[in-house]
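Let's take a quick tour of how the strands in this model line up. Keep the picture open while you read.

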Amino acid sequence: MVRVLAALSGAPYGFTAHAWDIYVPENRRLVPARIAGADLVVTCTAYNQSVLVSLASRPADAAKVVLCHHGLELDLYEPGSARQAGLIVGGASLVEKKGLVHLVAACARLRDRGLQFSCVLIGEGPQRGTWKRRSVGWA
């Protein structure tokens, strides 16, 4: 569905490929077209990345496949005891390729629709100053 909406609107999109997408035969046959239509394809293991690259129809499509390992270093975090309703948290390196501009644009749409929420970006990187200047209440 997202692929169709992106094609109709001209908006970029990406997807995360999991084992179900890659190794189930009826799903695997769709992977080359999904990669071709996406701006970004993310997977969580080097092996999956190599399989996806091999399924890409063109070298330019293979270049869209990136590796992003799951997980957090839990020793660095102290979990809170309560969740905050309406809280959106984005954690990433503050670099252009992470696409945080799309998260911010989505938040603008939520704001314009009158929804109450807070969005927190967590990360470090060369765009920290840019995001800090554009925010209210940056920590």
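First, some vocabulary: two strands count as a pair if DSSP finds at least two bridges between them. Strands themselves are DSSP runs of E that cover at least two residues, numbered from the N terminus. With that in hand, you can say that Val41 stands opposite Val65 in β3. Bear in mind that this is a predicted model.

**The sheet as a whole**
- You're looking at an open sheet built from 3 strands, in the order β1-β2-β3, with parallel pairing.
- On the edges sit β1 and β3, each of which pairs on one side only.
- Going from one strand to the next, the twist averages 25°.

**A helix against the sheet**
- Helix α5, residues 46–55, packs on the sheet and touches β2 and β3.
- The direction of α5 makes about 175° with that of β3.

**Where β1 meets β2**
- Strand β1 covers residues 14–16 and β2 covers residues 40–43; 3 bridges join these parallel strands.
- Look for Gly14, which stands opposite Leu40 in β2.
- Thr16 has Val42 in β2 opposite.

**Where β2 meets β3**
- Here 3 bridges link β2 to β3, residues 65–67, and the two run parallel.
- The facing residues to find here are Val41 and Val65, the latter in β3.

**A bit of background**
- Strands of a sheet pair through backbone hydrogen bonds, in either a parallel or an antiparallel way.

Technical notes: Residues are numbered from 1 along each chain as its sequence is written. This is a predicted model: local features need pLDDT of at least 70, side-chain atom pairs count only at pLDDT 80 or more; totals for chains, interfaces and linings use all residues. Side-chain values use heavy atoms; hydrogens and water are left out. Helices (H or I, at least four residues) and strands (E, at least two) are DSSP runs, numbered from the N terminus. Axes are lines fitted to C-alpha atoms, for helices over the stretch in contact, and angles run from 0 to 180 degrees between N-to-C directions. Contact means heavy atoms within 4.5 Å.
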